[in-house]
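Student: I have a structure on my screen and no idea how to read it. Can we take some features one at a time?

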Amino acid sequence: MLQSASGLGVLNTAVSGRGDRVAPKGKESKARAAAKTGSAACTAFLQGVLPRLGLKWAGFRKVRGQVCKRLHRRLEALDLPDLEAYRQRLDQDAEEWRVLDGLCRVTISRFYRNRGVFDHLGAEVLPALCQDLQDAGRRSLRCLSLGCCGGEEPFTLGLLWHFGLAPRFPGMTLEILATDSDPKSLARAARGCYSAGSLRDLPPDWRDAAFDAADEVYCLRPEFRQAVRFLEGDLREGMPAGPFDLVLCRNLVFTYFDEDRQRRSTADLAERMPRGGILVLGKHERLPSGCPGFETVSAHLAIYRRL
Ligand SMILES: C[S@@+](CC[C@H](N)C(=O)[O-])C[C@H]1O[C@@H](n2cnc3c(N)ncnc32)[C@H](O)[C@@H]1O
């Protein structure tokens, strides 16, 4: 279902009965808990639970730190000693699986991520697509950004359009629908303000023209946000109806979802894209073998065309 988006405790200092100084109590229990959610324990836990969520461990290997930190905080909130106790909690409380699913969202993004992809889209793929659409009498390029995080990806597309394509296709407009299941990420998108690190791959002249900077925070000017509409939604429960001429589905389905969900999502995407539509995956992602409906435009940039 899609909807419109819009501590640490005080440490006690303690001295043992034998007079040795010991670690402060709070610190000690946190250290113990950290060990029990540490790398090996967390890896084993994730390997056990991810399949039940339709997710695959391989995708999480490099970014498990983010998820493990959240798990650690969840144990603190539930006052549980370790992940084994959390596993037992999951066995007894079906609702906790929903919480765990939310903890497993990887929310890492940045503007102009994988420069070569956006360079190629701007120089080759999108001009050809816009020309075809224009020749067919179309006046807009309809885009979908799935798993849009804090807006970095759809706003990048907006900038690419503004600085690269709009001057060449003055009769056309850009429409971007951007969806994510994480309300916090969508709240960041609504603010439209980012750290310098999020902008490090963006061409500096675009950054200077499109953002207002104050105190190391860069806020996207309103005129560069207009083309993007954000929606909250879990793509496993449904995708927006479309149709979409361009779909960015990067660093989500084809990294974190299991093969069954990847195949179902590919079919959902194919249903929403007209012939000639362009599908862009994350640079290191591929469509599952044998999925009908798409041909490869660039294998190394993971760009496909709807047949
Ligand atoms: C790793 S980020 C990728 C962001 C962006 N596409 C990029 O490549 O830079 C994955 C995003 O997908 C979102 N996400 C995770 N599971 C999702 C789901 N089932 N439905 C929709 N969005 C989801 C996360 O909240 C996160 O913002």
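Tutor: Yes. Keep in mind that this is a predicted model. Start with C149, which is buried because 26 other C-beta atoms lie within 10 Å. The cut-off for buried is 20 or more.

Student: Where in the chain does C149 lie?

Tutor: C149 sits in the loop between β2 (140–146) and α8 (152–165). Now look at its backbone. Most residues other than glycine have a negative phi. C149 is not a glycine, yet its phi is positive, about 55 degrees.

Student: Which residues are closest to the ligand?

Tutor: C149 is one of them, along with S109, G147, D182 and N251. In total, 21 residues surround the ligand. Sort that shell by character: nine are charged, seven polar and five nonpolar.

Student: Back to phi. What is the phi of E216?

Tutor: It is positive, about 70 degrees, although E216 is not a glycine. E216 belongs to the loop between β5 (211–214) and β6 (217–220).

Student: Is E216 buried or exposed?

Tutor: Count the neighbours. E216 has 8 C-beta neighbours inside 10 Å, so it counts as exposed. The limit for exposed is 12 or fewer.

Student: What about peptide bonds? Which kind joins G242 and P243?

Tutor: The general idea comes first. Most peptide bonds are trans. The bond between G242 and P243 is cis, with omega about 5 degrees. P243 is in the loop between β7 (228–232) and β8.

Student: Now a helix. How do I check the length of α12?

Tutor: Use the rise of 1.5 Å a residue. Helix α12 covers residues 259–272, 14 residues, so it should span 20 Å. Its end C-alpha atoms are 20 Å apart, which agrees.

Student: Which residues of α12 are buried?

Tutor: Q262, S265, T266 and L269 are buried. Look down the axis of α12: its buried residues fall within an arc of 105 degrees, so they line one face of the helix.

Student: What covers those buried residues of α12?

Tutor: The cover includes β8 (246–249), α11 (253–256) and β9. Turn the helix around, and the face of α12 away from its buried side carries the exposed residues D260, A267 and E271.

Student: Next, strands. How do β10 and β11 pair?

Tutor: Strand β10 (residues 294–298) pairs with β11 in the antiparallel sense, over four bridges. One bridge puts S298 opposite I303 of β11. The two strands form a hairpin with four residues between them. In that turn, A302 has a positive phi of about 60 degrees.

Student: Which way does β9 run against β11?

Tutor: Strands β9 (residues 278–281) and β11 (residues 303–306) run antiparallel, joined by three bridges. Within β11, R305 is the bridge partner of I278.

Student: How do I spot parts of the chain that meet in space?

Tutor: Compare sequence with distance. D201 and Y112 are 89 residues apart along the chain, but their C-alpha atoms are separated by 5.6 Å. Besides Y112, D201 touches R110, F111, R113 and R115. D201 is in the loop between β4 (193–195) and α10 (204–210). With 16 C-beta neighbours inside 10 Å, D201 counts as partly exposed.

Student: And the whole chain? How many helices and strands are there?

Tutor: There are 12 helices and 11 strands. Of the 307 residues in the chain, 33% are buried.

How values were computed:
Residues numbered from 1 in each chain as written. Predicted model: local features only at pLDDT ≥ 70, side-chain atom pairs only at ≥ 80, totals over all residues. Near = placed C-beta within 6 Å. Nonpolar A, V, L, I, M, F, W, Y, C, P; charged D, E, K, R; others polar. Pairing = 2+ DSSP bridges. Expected span 1.5 Å × (residues − 1). Arc of directions from axis to C-beta. Contact = placed C-beta atoms within 7 Å. Lists of a residue's contacts leave out its neighbours within four places in sequence.
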